[in-house]
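Let's take a walk through this chain, from its overall build down to a couple of individual side chains. Have a look at the model first.

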Amino acid sequence: MADRNLRILVVCGGISTEREVSLRSGKAIYEALLRKGYSHSIRFDLTRDNIAQILEARPDIVFLGLHGKGGEDGSIQGMLELAGIPYTGPGIATSAVCMDKILTKRVLANAGLPTAKFEVFRKDECSDVKAVVGTLIEKLGLPMVLKSPCQGSSIGVVIVHSEDEMAPAIEEVFKYGDHLLAEQFIDGTEVTLPIMGNEDLTVLPIIEITSEREFYDYTAKYTSGRGNHIIPARISSDVEKALGEVGQRADRGPNWQGRARIDVNVDKTAGPMIIEVNTLPGMTDMSLFPDAAKYVGISYDDLVEKFLEFGLTAKHDL
């Protein structure tokens, strides 16, 4: 059990497109810490203008409630490493790789882990949109998924069903950055594997995700009644075994340190295909990780305290 006199700075908000979700996560984490008796906890709304105040405050530990760019990509982790301030969640390298969906896909592919076929284009390579569309359809077929690689909460993700939809979808993706990730569409069951721990990792129950929307997008994730978390997932024992093997192989790669969530689509023929890895998964009242913990008897407050303890004992990568 951690020292109740710890000075804990719950950092949330930030500068990413997921700012509002992060504020909700941060508020919930902060209130849980107070309920657990950590009375010296402070909730800190991070902006571009006040980041130096984190260093001035010299907390005993920073509890990261950030999501997206600037919070989940190794940026703030690097600053905290240099300052010698402990923090929750994975370190710089793991955060940077997992935040970039293109890097994640390449790491997965190089490790022989299952993931959908993909193609990558830079914005400056797309002046001839018609040629790009033709190449993508030839290599990936339709439907396909187009993504901005460094956004979270399904922001900048479009499922394309016809050739006519391609050019507008490409334009939409480039609103969020200069790279386009195109993936072969997987017709399957979407599930997620929540993982927590440092050296000794615990895999919480697999969650099946369904949505009233075309896919589990931002609206479905954060609007009550638009998305459902089914625990345990409605999958066969063979698929569950295959997911466990995929999870164990993925665990041996990145240095998770604290918590992570591996999102997987179970293809009807090819089996489990990893979509992405979230290194600071959401902690709102509608988030997946707390639901999985609750199913095995871990309350939200106890889960937050576990993450705090993992942060205090973590050996982060530089």
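What follows goes from the whole chain to two sets of strands and then to two residues.

A word on the ground rules: this is a predicted model, so local features are given only at pLDDT of at least 70 and side-chain atom pairs only at pLDDT 80 or more, while totals for chains, interfaces and linings use all residues. Residues are numbered from 1 along each chain as its sequence is written, and side-chain values use heavy atoms, with hydrogens and water left out.

**The whole chain**

You'll find eleven helices and 13 strands here; these are DSSP runs, with helices being H or I over at least four residues and strands E over at least two, numbered from the N terminus. The radius of gyration is 19 Å, close to the 20 Å that the globule rule gives for 318 residues, so the chain is as compact as a globular protein of that length. (That radius is taken over C-alpha atoms, and the rule is 2.2 Å times the number of residues to the power 0.38.) Along its principal axes, the C-alpha trace spans about 60 × 45 × 35 Å.

Of the 318 residues, 52% count as buried, where buried means under 20% relative accessible area, exposed over 50% and partly exposed in between, with a 1.4 Å probe and protein chains only. About 14,200 Å² of the chain is exposed, and carbon and sulfur atoms supply 49% of that; the areas come from the Shrake-Rupley method with a 1.4 Å probe, and for residues only the protein chains shown count as cover. Among contacts (heavy atoms within 4.5 Å) between residues at least 6 apart in sequence, 68% join residues at least 24 apart.

**The open sheet**

Three strands form an open sheet in the order β2-β1-β3, with parallel pairing; strands pair if DSSP finds at least two bridges between them. β2 (42-46) and β3 (61-64) stand at the edges with a single partner strand each, so one side of each has no neighbour in the sheet. From one strand to the next, the twist averages 30°. Strand β1 (residues 8-13) pairs with β3 over four bridges, and I8 has I61 as its bridge partner in β3. Helix α1 (residues 19-35) packs on this sheet, touching β1, β2 and β3, and its direction makes about 155° with that of β1. For such angles, axes are lines fitted to C-alpha atoms, for helices over the stretch in contact, and angles run from 0 to 180 degrees between N-to-C directions.

**The hairpin**

β12 and β13 run antiparallel and are joined by seven bridges, with a hairpin of three residues connecting them. I262 stands opposite V277 in β13. Strand β13 (residues 271-278) is mostly covered, with eight of its eight residues buried.

**Two residues in detail**

| Residue | Element | Relative accessibility | Polar contact |
|---|---|---|---|
| N265 | β12 (residues 258-267) | 11%, buried | backbone nitrogen of T189, 3.3 Å |
| E81 | α3 (residues 75-83) | 22%, partly exposed | side chain of Y87, 2.8 Å |

A polar contact is a pair of N or O atoms within 3.5 Å; within protein, one must be able to donate a hydrogen and the other to accept it, and residues adjacent in sequence count only if both atoms are side-chain atoms. Not counting residues up to four places away in sequence, N265 touches several residues, including I186, G188, E190 and M273. As for E81, its C-alpha lies 8.5 Å from that of I92, eleven residues apart in sequence.
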